[in-house]
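Colleague: Please take a close look at a single part of this model and walk me through it in one connected account. I would like to know what surrounds that part and which other regions it meets.

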Amino acid sequence: MTVHTVEYIRYGIPEQQSAEFLAAYTRAAAHLAAAPQCVDYELARCEEDFEHFVLRVTWTSTEDHLEGFRKSELFADFLAEIRPYVSSIEEMRHYKPTAVRGTGAAVPTLYAWAGGAEAFTRLTEVFYDKVLKDDVLAPVFEGLAPEHAEHVALWLGEVFGGPAGYSETQGGHGHMVAKHLGKGITEVQRRRWVNLLQDAADDAGLPTDAEFRSAFVAYAEWGTRLAVYFSGPDAVAPGEQPVPKWTWGAALPYQP
C-alpha cells in the first residue's frame, strides 16, 4: 500500500483579490495536473472567513515534490501564475497520514450495503458449492477445509468495510497471500473464479445496482490477479500488511 505525502498551503487573501486569486490558481492547476509527482489537488475556501483558502496537494512523496516537481519546468510555470500571492502564504507544510482515519455514516460501506455478515456468509456458501462442482476450479480446491468458506466470508467482509474478523482470527494480507504460494493458478482458473463469484452473488441475493456490482467485481479482478501472481514460480511474498479496504471508488495504481 502506497503512502503519499499531503502538502497544505494556507493563504490569507483580501476579499477584493479573491477573483484574481482563483483565476490564477485555475491556470496554475494545469501544471499540477501535468506533474507526474502530483496525485491530486484541491483548493478550498473558508466558509466562515472568505479571505482564507487552503490548497491541498497529494504528492507521491515529499522528495518527489521537492526534488522532482520543484526542479521541473512545470514548477516554474506554476510559480509564475501564483507568484503575486506567495507573500500571502500563512502555512506551507507536508503531512503524512496516521492510522487515525475512516469514513462516516453518510456513505454506507460496501459491507453494510451488501447486507452485512449474513450476506457474505450466504455468498461464500453458494460460491464454494459451485466451485467444488466446477471442472476448472475443483482441482484447485481439492481437500477444502470445512471452515474455508467461513474464513473467506470474514475476509470479504473486512475488505468491504466490515468488522476486522479476519485480521483478529487469521492474520493480515500476508496470511491470505501465503495460502496461494505455489498453487500455480492459471488465467483460465482466475476468470472462472470471478465469473462464479458473480453468479454466486446473484444466487445469494446481493445487491444488483451498478455502483455496488462495479466495486464488487473490481475487487474480484484485483484480488484474483494478485492471487495468480503470488501463486506463480517467481512470486516474492510481501511483508506483513493489513487487510486491504475496498470502497466505492477504484484503487490507485500501485507504486513500489
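Modeller: A helix here is a DSSP run of H or I at least four residues long, and helices are numbered from the N terminus. The model is a predicted one, and the part I have chosen is helix 9, where Arg 190 has its place.

Arg 190 counts as buried because its relative accessible area is 3%, and buried means under 20%. Its side chain makes a polar contact with the side chain of Glu 221, at 3.0 Å. With residues up to four places away in sequence left out, Arg 190 touches Ile 185, Glu 221, Thr 224, Arg 225 and Val 228. Helix 10 spans 210-231, and that stretch takes in Glu 221, the partner of Arg 190 in the polar contact.

Helix 9 (187-203) and helix 10 also supply at least two residues each to the largest nonpolar core, as do helix 4 (110-114), helix 5 (116-131) and helix 6 (148-159). That core has 35 residues, and those with the most contacts inside it are Leu 123 and Phe 160. Leaving aside neighbours within four places in sequence, Phe 160 is in contact with Thr 109, Leu 110, Tyr 111, Phe 120, Ala 215, Phe 216, Tyr 219 and Trp 246. Apart from this core lies another, of 19 residues, with Ile 9, Tyr 11, Ile 13 and Phe 69 among them.

Helix 9 also has a share in the second largest pocket, for helix 6, helix 8 (173-178), helix 9 and helix 10 each supply at least two residues of its lining. The space in this pocket is about 750 Å³, and of the 35 residues that line it, Tyr 128, Phe 141, His 148, Met 176 and His 180 are the closest to its centre. Helix 10 gives the largest share of the lining, nine residues, while the lining as a whole divides into 21 nonpolar, nine polar and five charged residues.

To finish, I follow the chain into the segment after helix 10, where Ala 235 lies. Ala 235 is partly exposed, since its relative accessible area of 22% falls between the 20% limit for buried and the 50% limit for exposed. Beyond residues up to four places away in sequence, Ala 235 touches Tyr 229 and Phe 230. Ala 235 and Val 177 are 58 residues apart in sequence, yet 10 Å apart in space from C-alpha to C-alpha.

Notes:
Residues are numbered from 1 along each chain as its sequence is written. This is a predicted model: local features need pLDDT of at least 70, side-chain atom pairs count only at pLDDT 80 or more; totals for chains, interfaces and linings use all residues. Side-chain values use heavy atoms; hydrogens and water are left out. A nonpolar core is a set of buried Ala, Val, Leu, Ile, Met, Phe, Trp, Tyr and Cys residues joined through side-chain atoms within 4.5 Å. Buried means under 20% relative accessible area, exposed over 50%, partly exposed in between (1.4 Å probe, protein chains only). Contact means heavy atoms within 4.5 Å. A polar contact is a pair of N or O atoms within 3.5 Å; within protein, one must be able to donate a hydrogen and the other to accept it, and residues adjacent in sequence count only if both atoms are side-chain atoms. On a 1 Å grid over the protein atoms alone, a cavity is a set of points where a 1.4 Å probe fits but cannot get out, and a pocket is an open set with protein on both sides within 12 Å along at least five of seven lines; lining residues have an atom within 4 Å of a point. Grid points are joined across faces, edges and corners, and a volume is the space filled by probe spheres set on the points. Ala, Val, Leu, Ile, Met, Phe, Trp, Tyr, Cys and Pro count as nonpolar, Asp, Glu, Lys and Arg as charged, and the others, Gly among them, as polar.
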